[in-house]
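Q: I am new to this structure and would like a close look at one part of it, the second largest pocket. Which residues line the pocket, and how does the rest of the chain fit around that account?

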Amino acid sequence: MNHTYDVIVLGAGSMGMAAGAFLAKQNAKVLLMDAFDPPHANGSHHGDTRMIRHAYGEGKKYVPMVLRAQKLWEELEAETGKHLFERTGVLGLANIGSAFLEEEIISAKQFDLPLEILMAEEVRKRWPGITVSDEIMGAFEPSSGILYSEECIQAYRQVATRHGAALLTNTPAKSITYHADGVTVHTEKGDYHADKLIVTAGSWTGSLLKDLEIPLQPFRKTVAWYEADEAMYGLGRFPSYFMDLPNDRFYGFPSIQGSGLKIGSHDAGSNTDPDRVNRLFGSEPDDDGDLGTVAQRFFPGVTNNRVRGQVCLVTWTPDHDFIIDRHPNHDHVLLVSACSAHGFKFASVVGEISAQLTLQGKTDFDLTPFALSRFVR
């Protein structure tokens, strides 16, 4: 393998693989480097499905990016012939007056996005598979839905390699040496050199960029699938959903080809070291925990029979917003990381942005909210 490139992308997961595809399509000589063989089950992109929402409760600053992301996912479907997006609609549930839903409503109005506001009685009538009390309201976005996460990674891998990107798998980076005109990434398989570097290493970002002391926290989370009545919860009958209740912040997906209703917690889990995390579901006492309780409490057609469970990693920033910025001491190094459990849907557009910043030095998106300077001087 040639060891000198225009750009090295360190971490070829969701955003890294997308960045590699956009770079390669612009004839850059690219090396995609990953500690595993993506798509894989060691990071943050496995588990079959991820949600894409357009009216965004995390802040309207994300809406222009997610609308572009949606367009790029659809273009990737057309380019590769893979089925990547499922329009299930997304139902948000929260107490009346919820700040999260209010922000979602504001962003929908500002960007003229379809969003139906439903009282609890309407929610129960439309979806008999969900039980909510009268103080809860719903916000249903019919144009949103599911991304098939591993298929998305595989599609961008296909595009990247088809356009000449090199892919080095099962090769962890040991360290990075910065030069005035480039970088060297050191591995057990040798040293790799490039004019520019994009770091999209997920939970390993902090250890690779120790010099910056970024306050990132890798976190071990679980999701589970429960046996469900397909007439109530099957694809086409039940939406993707999230709950932003005071003591219940969960999300999930309909049963896809008999997979069972998927449930995950926004909050449950534990801080971890990505090199030492136990990836076996059930190895920790709270792996199932509240997931089964939520299934019984809110979904009357779901049984206690857990079909399967999985462990995944997320990486939190203190404010749960992204980091998309250049290294403060090395302008030819771009850092894209810490997407705080809501980043996958943006992988397509962040890949495009990363390529733009690396090759053209600019993007049309306002990245001020994602500046590294809010954590690192």
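**The second largest pocket and its setting**

A: In this predicted model, 16 residues line the second largest pocket. Thr222, Ala268, Gly269, Asp286 and Asp287 are the lining residues that lie nearest the centre of the pocket. The space inside the second largest pocket comes to about 220 Å³. Sorted by class, its lining consists of seven charged, five polar and four nonpolar residues. Two elements that each give at least two residues to this lining are strand 13, residues 217–228, and helix 8, residues 289–298.

The domain assignment helps to place these residue numbers. Domain 1 is made up of 5–45, 150–216 and 319–370, while domain 2 is made up of 83–144 and 219–314. Taken over C-alpha atoms, the centres of domain 1 and domain 2 are separated by 30 Å. Where the two domains are in contact, ten residues come from domain 1 and eight from domain 2.

A UniProt record also describes a domain. The unreviewed entry lists residues 6–357 under "domain: FAD dependent oxidoreductase". Within the model, the span 6–357 is 34% strand and 26% helix, and the C-alpha atoms at its two ends lie 14 Å apart.

Some of the strands can be followed in detail. One open sheet has three strands in the order 3-8-4, with antiparallel pairing. Strand 3 (49–52) and strand 4 (85–86) are at the edges and have a single partner strand each, so each has one side without a neighbour in the sheet. Strand 3 runs antiparallel to strand 8, residues 145–148, and four bridges join the two. Across this pairing, Ile52 stands opposite Gly145 in strand 8.

Another antiparallel pairing is that of strand 19, residues 323–327, with strand 20, residues 330–337. Five bridges join strand 19 to strand 20, and the hairpin between them passes through two residues. Ile323 stands opposite Ser337 of strand 20.

To return to the part you asked about: the second largest pocket holds about 220 Å³ of space, and its lining includes at least two residues each from strand 13 and helix 8. Thr222, Ala268, Gly269, Asp286 and Asp287 are the places to look for its centre.

Methods: Residues numbered from 1 in each chain as written. Predicted model: local features only at pLDDT ≥ 70, side-chain atom pairs only at ≥ 80, totals over all residues. Heavy atoms only, no water. 1 Å grid on protein atoms, 1.4 Å probe; cavity = no way out; pocket = protein on both sides within 12 Å on 5 of 7 lines; lining within 4 Å. Points joined across faces, edges and corners; volume = space filled by probe spheres on them. Nonpolar A, V, L, I, M, F, W, Y, C, P; charged D, E, K, R; others polar. UniProt positions renumbered as here; feature names shortened; annotations may be inferred. Pairing = 2+ DSSP bridges. Domains from an automatic or database assignment. Contact = heavy atoms within 4.5 Å.
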